[in-house]
Number of protein chains: 2
Amino acid sequence: MIKKVELTGVKEIARRANVSIGTVDRVIHNRKGVSDATRQKINLIIEEINYQPNKMASLLATKRNLNFAILIPKVSAETDYWTYPLNGIEQAGEEVKQFGIIIQYFFYDLDSRGSFNEAAEELLNCNPQAILLAPSFIEESTAVVKRINELNIPLVFINSDLPKQPSLTYIGPELYQSGRLAAQLTSLSIAHEDEIMIINISTDLENDHHLVRKEQGFRAYFNDSKLANPITTLNIYDTHIGSVEKSVLEALQQNPNVQAFFVTNSRVNIVAKILKKHNKTHSLVGYDFLKSNINYLIDGQINFLICQRPKEQGYLAIMALYKHLFNINEPEKAIYMPIDIITKENYRFYNS
Amino acid sequence: MIKKVELTGVKEIARRANVSIGTVDRVIHNRKGVSDATRQKINLIIEEINYQPNKMASLLATKRNLNFAILIPKVSAETDYWTYPLNGIEQAGEEVKQFGIIIQYFFYDLDSRGSFNEAAEELLNCNPQAILLAPSFIEESTAVVKRINELNIPLVFINSDLPKQPSLTYIGPELYQSGRLAAQLTSLSIAHEDEIMIINISTDLENDHHLVRKEQGFRAYFNDSKLANPITTLNIYDTHIGSVEKSVLEALQQNPNVQAFFVTNSRVNIVAKILKKHNKTHSLVGYDFLKSNINYLIDGQINFLICQRPKEQGYLAIMALYKHLFNINEPEKAIYMPIDIITKENYRFYNS
DNA sequence: TAACATAACGTGTACGTTAACGTAAAAACA
DNA sequence: TGTTTTTACGTTAACGTACACGTTATGTTA
């Protein structure tokens with residue numbers, strides 16, 4: 001409980017500059033009423049002692065709240081992936097709430113670009129001091145991000161990046177490498193000549209660069225490792241199970257030597273269900289810690305799930321904004337989540 | 001930027017209770033000097049208006065330094081495992097520094113119980129307000145922990161637990177399950193009849209319950225999975241490479257059908273070196289993200305490393321103490337780290 | 001030169017909480 | 001009874017920042 005002795009803050013600056021704290025305050029806030037000479041002197045001292053304003057005192061003095069606005073996909077019935085980032089955001093929200101941070105949530109429908117634009121408009125209307133964005137639709141997001149940057153509001157991307165748009169940081173997966181990892185895991189459970197099938201299931205495959213990057217990584221691994229296993233790709237645009245079942249069975253008939261599947265997103269549980277129904281014991285690798293996926297992992301129908309800490313992504317994103325605004329530290333330009341392998345023997349400790 | 005209008009805080013409580021804020025403060029902090037009647041009245045009002053102290057004001061008012069004391073093994077030349085928790089601790093230290101938290105470091109030698117006791121004594125002498133402890137030596141640690149608990153200093157265990165001793169939380173691995181995972185990974189790359197060898201390398205094996213638990217988990221997996229692969233254990237007490245080499249080669253001669261090794265700690269790189277030297281291509285699974293291990297992972301000599309986020313352990317431990325002391329939230333009684341699988345395809349993103 | 005304007009700076013109060021300090025009254029003791 | 005101790009409070013000065021307002025000094029104009 002030793003009292004601090006360091007001299008910091010406006011008072012110390014004022015003392016060194018032989019002015020009052022009022023003057024220092026004016027310099028800090030770029031208000032007029034200070035001669036150029038004193039302004040320079042004070043700025044010099046600010047540099048010298050590396051002055052970091054005490055955000056606590058500041059918030060206390062201004063007695064205002066900070067609004068953080070979140071714009072992410074809504075949790076759909078089809079996949080509960082976004083519950084995890086949301087949980088992380090909420091947890092972080094609890095922790096920073098006492099610093100006057102209030103989180104406002106806006107959700108959009110992954111099937112509707114219109115809903116994205118609407119939600120973005122609402123978001124901007126409530127004048128947030130920080131924004132967390134999952135830019136699923138590239139063009140629409142880019143437009144919104146440009147406006148955000150004009151307003152000079154700190155912005156964090158989550159789950160997908162818009163590398164050309166300036167932002168505080170991107171927090172999310174590195175897709176290519178995760179595809180490579182999927183390939184390595186697949187190669188563990190197949191023989192020399194076995195065929196492999198990559199399954200992309202998405203209504204909007206053309207816009208879903210996630211899947212493409214993963215497939216590229218997957219194929220690159222086999223290339224680089226000089227593994228000659230034939231790899232075919234099956235694109236499925238209708239995500240309903242009946243339609244998927246039909247496609248998969250057809251493809252299996254055409255490629256009877258397929259021994260392993262790689263599903264490039266979290267819909268791997270659909271494939272697992274189908275394989276189980278037809279008593280198939282193919283190797284199966286897919287994505288994401290969803291309940292329905294975990295069940296098939298325990299079951300043995302899915303061999304590996306790859307996961308990139310969705311909850312942590314949300315948590316870290318809020319924390320990055322908080323730390324930025326409170327001058328605690330600045331994040332890296334991009335934070336790539338570790339690429340985790342989930343098996344039936346380690347899933348229990350994954351989200352504790 | 002909306003101004004708050006609510007009437008909250010000690011002032012409002014004092015107004016409602018017809019007392020001064022000083023009295024309210026005494027009630028809030030459970031200090032004496034208040035009659036039971038007023039205390040009750042105030043507590044009632046606190047409940048009523050659901051009083052949440054303003055942490056910013058609080059932090060500002062108690063401009064005190066909090067000393068956190070850390071007692072962990074020193075980074076040895078032999079293994080740099082402890083650099084990772086240390087990094088995590090330092091990072092957390094940076095982040096909480098502006099709340100007046102100062103971290104003091106004490107290190108002990110893993111080969112010397114005496115050094116542990118000495119360091120612990122020094123630590124207690126500087127009257128820390130929170131302690132982070134890696135209780136490697138059970139008896140010595142227990143004695144120290146008892147004294148710490150008498151002093152009512154919040155304490156977090158890291159890496160190993162002392163379940164019988166009260167503590168704020170334990171942050172570290174769950175060893176049994178990690179052994180099971182090692183077994184699953186081993187089973188991926190061996191055939192039906194292949195033999196497996198578990199290698200424990202430790203000068204003080206009897207005290208190293210870590211290794212024992214992992215071995216138990218490993219064997220349990222094979223039992224539960226009805227896999228009949230013979231498993232033998234090789235205990236090596238002399239950790240020098242020459243001695244390990246001799247032991248391993250001897251054991252290999254006696255068990256020529258061994259196709260896979262499981263090294264129960266981070267010294268797996270020693271075994272990798274030996275196997276490489278003798279051109280052996282056994283399957284090899286071991287522990288920890290150390291540089292020397294990663295090199296053999298890239299090399300292909302090690303198939304999998306299991307890792308339990310050492311850096312995060314340190315980070316979370318400090319944060320748990322900080323959040324406890326600042327009433328942000330209380331941790332779970334035990335926080336088991338996810339059991340991560342590191343391969344040559346995902347190690348790059350593990351510690352970013 | 002008086003009256004006034006403005007630039008440049010200082011002062012005071014507030015934010016909500018903490019804790020040291022002061023004090024009146026009650027209780028304990030001689 | 002008087003004296004000391006204890007109990008139960010109230011008062012007040014910080015903490016670092018923000019900002020309205022007050023105060024000089026230095027012009028500028030009538």
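## Two DNA strands and a helix pair

A polar side-chain atom of Y51(B) lies 2.7 Å from a phosphate oxygen of DNA strand C, a polar contact being a pair of N or O atoms within 3.5 Å (within protein, one must be able to donate a hydrogen and the other to accept it, and residues adjacent in sequence count only if both atoms are side-chain atoms). This is a predicted model, where local features need pLDDT of at least 70 and side-chain atom pairs count only at pLDDT 80 or more, while totals for chains, interfaces and linings use all residues. Residues are numbered from 1 along each chain as its sequence is written, chains are lettered from A and ligands numbered from 1 in the order in which they are written, and side-chain values use heavy atoms, with hydrogens and water left out.

Let us stay with strand C. The side chain of T38(A) places a polar atom 2.8 Å from one of its phosphate oxygens, and for an N or O atom in the side chain of D25(B) the distance to a phosphate oxygen of DNA strand C is 3.2 Å. Helices here are DSSP runs of H or I with at least four residues, and strands are runs of E with at least two, numbered from the N terminus. Two or more residues of the surface near DNA strand C come from each of α2 (21-28) and α4 (55-62) of chain A, and α1 (9-17), α2 (21-28) and α4 (55-61) of chain B.

In total, 28 residues surround DNA strand C, and S20(A), T23(A), T38(A), V10(B) and Y51(B) are the closest; a residue is near a strand if one of its heavy atoms lies within 4 Å of it. Of the strand C atoms that come within 4 Å of the protein, 69% are sugar and phosphate.

Now turn to DNA strand D. It is surrounded by 27 residues, the closest being S20(B), T23(B), S35(B), T38(B) and K63(B). Sugar or phosphate makes up 67% of its atoms within 4 Å of the protein, and bases the rest. A backbone N or O atom of S20(B) is 2.5 Å from a phosphate oxygen of DNA strand D, and a side-chain N or O atom of S35(B) is 2.6 Å from a phosphate oxygen of that strand. From chain A, H29(A) has a polar side-chain atom 3.2 Å from a phosphate oxygen of DNA strand D.

Finally, look within chain B. The axes of helix α5 (residues 83-96) and helix α13 (residues 310-325) of chain B come within 6 Å and cross at roughly 35°; axes are lines fitted to C-alpha atoms, for helices over the stretch in contact, and angles run from 0 to 180 degrees between N-to-C directions.
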